[in-house]
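This report covers one helix pair, one annotated span and the surroundings of one ligand. The sequence and structure come first.

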Amino acid sequence: MERIRTDILVIGAGSGGLSVAAGASQMGADVVLLEGSEMGGDCLNYGCVPSKALIASGKAAHAQAHSSVFGVAGVTPQVDYAVAMEHVRDVIAQIAPMDSQERFEGFGVRVVRDYGQFISPTEVQAGEHVISARRIVIATGSSPMVPPIPGLDAVPYLTNETLFDLREKPEHLLIVGGGPIGMEMAQAHVRLGCRVTVIEGEKALGQDDPEAADVVLQTLRDEGVEIVEKAMVARIGGQAGSVEVATKDGQDFAGTHLLLAVGRKPNIDRLNLEAAGIETTRTGIRVDASLRTTNRRVYAIGDVAGGLQFTHVAGYHAGIVIRSALFGLPSKASTGHIPRATYTDPELAQVGLTEAEARARHGDGTEIARFDYQHNDRAVAERIIPGFIKVMVVKGRPVGVTIVGHQAGELINLWSLALANNLKMSQIAAMVSPYPTVGELNKRVAGAYFSPRLFENQMVKRVVRFVQRWVS
Ligand SMILES: Cc1cc2nc3c(=O)[nH]c(=O)nc-3n(C[C@H](O)[C@H](O)[C@H](O)COP(=O)(O)OP(=O)(O)OC[C@H]3O[C@@H](n4cnc5c(N)ncnc54)[C@H](O)[C@@H]3O)c2cc1C
Ligand SMILES: NC(=O)c1ccc[n+]([C@@H]2O[C@H](COP(=O)([O-])OP(=O)(O)OC[C@H]3O[C@@H](n4cnc5c(N)ncnc54)[C@H](O)[C@@H]3O)[C@@H](O)[C@H]2O)c1
């Protein structure tokens with residue numbers, strides 16, 4: 001048994017853990033990093049990266065089939081699913097060196113490739129190593145939730161951890177769960193020529209503004225995805241190549257493959273948290289605003305902390321922990337300025353409050369500024385007109401933004417800046433955007449906020465008439 005003493009021990013080499021390890025080691029701390037599986041965690045290996053790479057394949061196929069409106073004859077795309085999945089592998093391989101053991105050892109981090117478990121409040125065992133640390137950061141992420149649906153144990157099913165290993169194209173993919181994973185993978189697969197049925201227990205994209213979600217859902221339905229809502233799965237049967245799903249309301253579905261996308265569970269089982277006095281909640285490890293667990297020397301970040309589950313949140317958490325653990329500075333995580341985007345086509349992005357949340361919190365003080373893609377000249381030229389941007393404004397400042405449409409995930413960046421810095425709508429309106437860009441939408445929605453004040457204001461009209469009389 002080798003004993004190691006260090007300043008910072010990071011458990012988990014995914015989005016959050018790697019950011020802590022890179023930052024802390026480059027700022028002079030002695031860092032040990034544990035990883036029981038693949039360097040890079042979920043995002044690189046089974047999450048963001050492979051899903052966005054497969055979405056890109058779907059987009060290429062869709063463009064081929066829908067080019068005739070541009071005067072370029074459309075063709076039926078010849079999809080080789082195995083090659084599309086090799087493209088996914090290749091994209092992972094291109095990004096992997098950034099997360100590699102070698103790169104982190106180059107920073108001076110000691111990387112131990114084993115699962116860690118607490119053996120005392122300050123010690124973690126990983127294989128043949130016992131590591132004691134001044135501060136410990138748990139960044140062990142989450143895994144696909146596999147609910148105890150009767151019959152599921154006897155039927156082969158896919159999750160995000162196995163989907164990208166497929167090489168034979170599913171003829172008919174049944175997806176249980178209409179959240180971001182379900183909808184992104186539904187569209188990618190229908191565009192690659194699979195039949196797709198999404199079975200959702202409540203409302204698909206139910207976390208999002210319903211009007212914006214409907215724009216996405218309508219597009220997916222138009223592309224051929226069957227989306228069944230309010231259909232909670234009650235029983236699963238069949239066998240490999242022939243899967244049957246029965247819902248509580250008595251509907252039956254049959255397909256060739258089954259993908260489970262019904263949420264996540266925190267990776268805490270291997271950690272032996274009781275030995276360190278670390279409490280958990282229903283969704284993950286209990287943390288305070290500075291991301292400390294119930295053991296003051298131990299932090300929890302990213303998916304395992306049970307809040308928002310995004311790579312950029314894990315990265316944001318890493319910054320909070322570095323400030324607190326390395327410099328002893330008070331540092332608190334907040335969520336009001338954290339954006340999210342679902343990379344369907346059209347994309348759906350949100351930062352801050354939705355319209356319903358803003359009205360609930362600010363009542364009549366909420367004003368809504370809105371601008372539709374169909375009035376953006378670039379969107380018209382490129383024929384990407386479904387969508388809108390909606391800004392919830394309170395006392396002249398944006399408190400939330402919903403964008404559904406082409407590149408909504410890119411457009412939301414400006415509003416993340418605005419909310420993080422408490423900017424005013426007048427500052428957004430003062431920006432000059434190059435014409436014709438889709439990004440002009442952001443300025444035009446700020447213009448839409450001010451136009452009733454300027455154009456429907458009798459005082460403004462009186463002042464203009466008065467001044468004009470004196471202008472030579
Ligand atoms: C299909 C899919 C698509 C997604 N798309 C996006 C997206 O587009 N944008 C976005 O922002 N987010 C996306 N996410 C979410 C994103 O992947 C996660 O929020 C992010 O990976 C969380 O980072 P993390 O560091 O908390 O955990 P992870 O990245 O999962 O890393 C945790 C690591 O800890 C290791 N580990 C676990 N237990 C132990 C232990 N006891 N000892 C040692 N190591 C351990 C694991 O092996 C893993 O490598 C997606 C997720 C999925 C599933
Ligand atoms: N673009 C992105 O940023 C992105 C993409 C994918 C995933 N993610 C992250 O991963 C997380 C997990 O995604 P997800 O889509 O698995 O989870 P989710 O919790 O967002 O959605 C799961 C859906 O499954 C439904 N469901 C649950 N049990 C069911 C049952 N028995 N029958 C039918 N429907 C059922 C729920 O009603 C819900 O709508 C997301 O919350 C997000 O944080 C992010």
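## Crossing of α3 and α4

In this predicted model, α3 passes α4 in a right-handed crossing. Helix α3 covers residues 48-65 and helix α4 covers residues 81-95. The two helices pack at an angle of about 135°, and their axes are 9 Å apart. Angles over 145 degrees would count as roughly antiparallel and those from 65 to 115 as roughly perpendicular, so α3 and α4 are oblique to each other.

On the α3 side, the contact is made by Val 49, Pro 50, Ala 53, Leu 54 and Ser 57. Their counterparts in α4 are Ala 84, His 87, Val 88, Val 91, Ile 92 and Ile 95. By class, the residues of this contact between α3 and α4 are nine nonpolar and two polar, with no charged residue.

## Annotated span

An unreviewed UniProt entry lists residues 7-317 as "domain: FAD/NAD(P)-binding". Within residues 7-317, helix accounts for 28% and strand for 23%. The C-alpha atoms at the two ends of this span lie 19 Å apart.

## Shell around ligand 2

Ligand 2 is surrounded by 26 residues. The closest are Gly 177, Gly 179, Gly 201, Gly 263 and Gln 309. Two elements, α6 (180-191) and β17 (339-342), give two or more residues to this shell. Helix α6 gives the most, with four residues.

The shell around ligand 2 is mixed in class: 12 of its residues are nonpolar, nine are polar and five are charged.

How values were computed: Residues are numbered from 1 along each chain as its sequence is written. Chains are lettered from A and ligands numbered from 1 in the order in which they are written. This is a predicted model: local features need pLDDT of at least 70, side-chain atom pairs count only at pLDDT 80 or more; totals for chains, interfaces and linings use all residues. Axes are lines fitted to C-alpha atoms, for helices over the stretch in contact, and angles run from 0 to 180 degrees between N-to-C directions. Angles under 35 degrees count as roughly parallel, over 145 as roughly antiparallel, 65 to 115 as roughly perpendicular and the rest as oblique. A crossing is left-handed if the near helix is turned anticlockwise from the far one by less than a right angle, and right-handed if clockwise. Two residues are in contact if their C-beta atoms, placed from the backbone, lie within 7 Å. Ala, Val, Leu, Ile, Met, Phe, Trp, Tyr, Cys and Pro count as nonpolar, Asp, Glu, Lys and Arg as charged, and the others, Gly among them, as polar. UniProt positions are given in the numbering used here, feature names are shortened, and annotations may be inferred rather than shown by experiment. A residue is near a molecule or strand if its C-beta atom, placed from the backbone, lies within 6 Å of it.
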